[in-house]
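Biologist: I have a structure open and would love a guided close look at one part of it. Could you walk me through it in plain terms?

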Amino acid sequence: MCTVVSLPTLDEVQRHVLSILCNHDQLDPEQTPLHRALITRAGRPCGLLFQAQGPRLLKTYAVWAGEENRILFYDSKGIRFAETRLSEGPDP
């Protein structure tokens, strides 16, 4: 699954990531914690790693590659299940 969306702010990126991860595992976005960590390359920020935690130690991930303008979604087994391309996004 690959979609193209406009997410001009970091908050919109985060909401989109949480929505996709929760829909994949049938989780409630209101009760699912989403953690994020900065990814750097050569000391410069280049993206974010998101992790959603569900029941029974379920953890799914998304990587926002800011320079490539895309978000890659991975299930708890590490298999990519979706990709979102950003037509407009925030500066990493």
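Which residues of the largest nonpolar core touch the most other members?

Modeller: Happy to help, and please keep in mind that this is a predicted model. The largest nonpolar core has 20 residues, and those that touch the most other members are Val17, Leu21, Leu34, Phe50, Ala62, Ile71 and Phe73. At least two residues of this core come from each of helix 1, strand 3, strand 4, strand 5 and strand 6. Helix 1 is the one that gives the most, with 6 residues. As general background, nonpolar side chains tend to be buried together in soluble globular proteins.

Let's start with that helix. Helix 1 covers residues 10-25, and at 1.5 Å a residue its 16 residues should span 22 Å; the C-alpha atoms at its ends are 23 Å apart, so the two values agree. Its buried residues are Val13, His16, Val17, Leu18, Ile20, Leu21 and Cys22. The cover over these buried residues includes strand 1 (2-6), strand 2 (34-41), strand 3 (44-53), strand 4 (59-65), strand 5 (70-74) and strand 6 (80-88). Just after helix 1 comes Gln26, which has a positive phi, near 55 degrees.

Now look across to Ile71. Leaving aside residues up to four places away in sequence, Ile71 touches Val13, His16 and Val17, along with Leu7, Ala62, Val63, Trp64, Ala82, Glu83, Thr84 and Leu86.

Phe73 deserves a stop too. Phe73 counts as buried because its relative accessibility is 0%. The structure holds 1 aromatic pair. In that pair, Phe73 and Phe81 are tilted, with 6.1 Å from centre to centre and 45 degrees between the planes.

As a bench biochemist you may also wonder about the cysteines. Cys22 is buried, since its relative accessibility is 0%, and Cys46 is buried as well, with a relative accessible area of 8%. A search of the whole structure turns up 0 disulfides.

Finally, here is the setting around this core. The protein chain has 1 helix and 6 strands, arranged along the sequence as β-α-β-β-β-β-β. Its radius of gyration is 13 Å, close to the 12 Å from the globule rule for 92 residues, so the chain is as compact as a globular protein of that length. The C-alpha trace spans about 35 × 25 × 25 Å along its principal axes. Of the 92 residues, 37% count as buried. Among contacts with a separation of 6 or more, 38% are between residues 24 or more positions apart.

Definitions and conventions: Residues numbered from 1 in each chain as written. Predicted model: local features only at pLDDT ≥ 70, side-chain atom pairs only at ≥ 80, totals over all residues. Heavy atoms only, no water. Helix = DSSP H or I, 4+ residues; strand = E, 2+ residues; numbered from the N terminus. Expected span 1.5 Å × (residues − 1). Buried < 20%, exposed > 50% of the residue type's maximum accessible area, 1.4 Å probe, protein only. Contact = heavy atoms within 4.5 Å. Disulfide = S-S within 2.5 Å. Core = buried A, V, L, I, M, F, W, Y, C linked by side-chain atoms within 4.5 Å. Phe/Tyr/Trp six-rings, centres within 6.5 Å; stacked < 30°, edge-to-face > 60°. Rg over C-alpha atoms; globule rule 2.2 N^0.38 Å.
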